[in-house]
Amino acid sequence: MTRSRTPLEAAAGKLIAAIQKEWGNEAGEPQSAESENVMHAAHELLQAASKFGAIVSVIGSGSVSAFLGEQWVQAHPAVLPYIAVLEGDV
């Protein structure tokens, strides 16, 4: 029997999907490497959500945007709604 995802895990998964879309749009361009790193960081958030039921163990007292990289987030505003949902579940 598969375990159902918590709202926090679902929010982290949707953020990852949004980041993957940005990464895909940049395929072959120099900035795609940074987007790939951000995607890996977002996977850390999902793992924390799955393991601990919270992402505070990863982001500490900071924000999701700070954890992912403020400059990258500002350059990719399409991910902002997903970050807001994830932070609402923090």
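Here is a short chat about a predicted model, its helices and its nonpolar core.

Colleague: Happy to look at this with you! How many helices are in the chain?

Modeller: Read along the sequence, the pattern is α-α-α-α-α-α. The chain has zero strands, and its helices number six.

Colleague: Which radius of gyration does the chain have, and what would a compact globule have?

Modeller: The C-alpha atoms fill a box of roughly 40 × 35 × 20 Å along the principal axes. For 90 residues, a compact globule would come out near 12 Å, so the chain agrees with its value of 13 Å.

Colleague: Nice. Is valine 64 buried or exposed?

Modeller: Valine 64 lies in helix H4, which covers residues 64-68. Leaving aside residues up to four places away in sequence, valine 64 touches Leu15, Leu45, Ile55, Ile59, Ile83, Leu86 and Glu87. Because buried means under 20% relative accessible area, its relative accessibility of 0% makes valine 64 buried.

Colleague: Which helix gives the largest share of the largest nonpolar core?

Modeller: That core has 24 residues, and Val64 and Leu68 are among those with the most contacts inside it. At least two residues each come from helix H1 (7-25), helix H2 (32-52), H4, helix H5 (70-75) and helix H6 (80-89). With eight residues, the largest share comes from H2.

Colleague: Last one, then: how far apart are the mean positions of the positive and negative charges?

Modeller: The chain exposes about 5,300 Å², and carbon and sulfur atoms supply 55% of that. As for charges, there are 5 positive and 10 negative ones, and their mean positions are separated by 13 Å.

Technical notes:
Residues numbered from 1 in each chain as written. Predicted model: local features only at pLDDT ≥ 70, side-chain atom pairs only at ≥ 80, totals over all residues. Heavy atoms only, no water. Helix = DSSP H or I, 4+ residues; strand = E, 2+ residues; numbered from the N terminus. Buried < 20%, exposed > 50% of the residue type's maximum accessible area, 1.4 Å probe, protein only. Contact = heavy atoms within 4.5 Å. Core = buried A, V, L, I, M, F, W, Y, C linked by side-chain atoms within 4.5 Å. Rg over C-alpha atoms; globule rule 2.2 N^0.38 Å. Areas by Shrake-Rupley, 256 points an atom, 1.4 Å probe, with all protein chains shown as cover. Lys, Arg positive; Asp, Glu negative; His and termini not counted. Charge placed at Lys NZ, Arg CZ, Asp CG, Glu CD.
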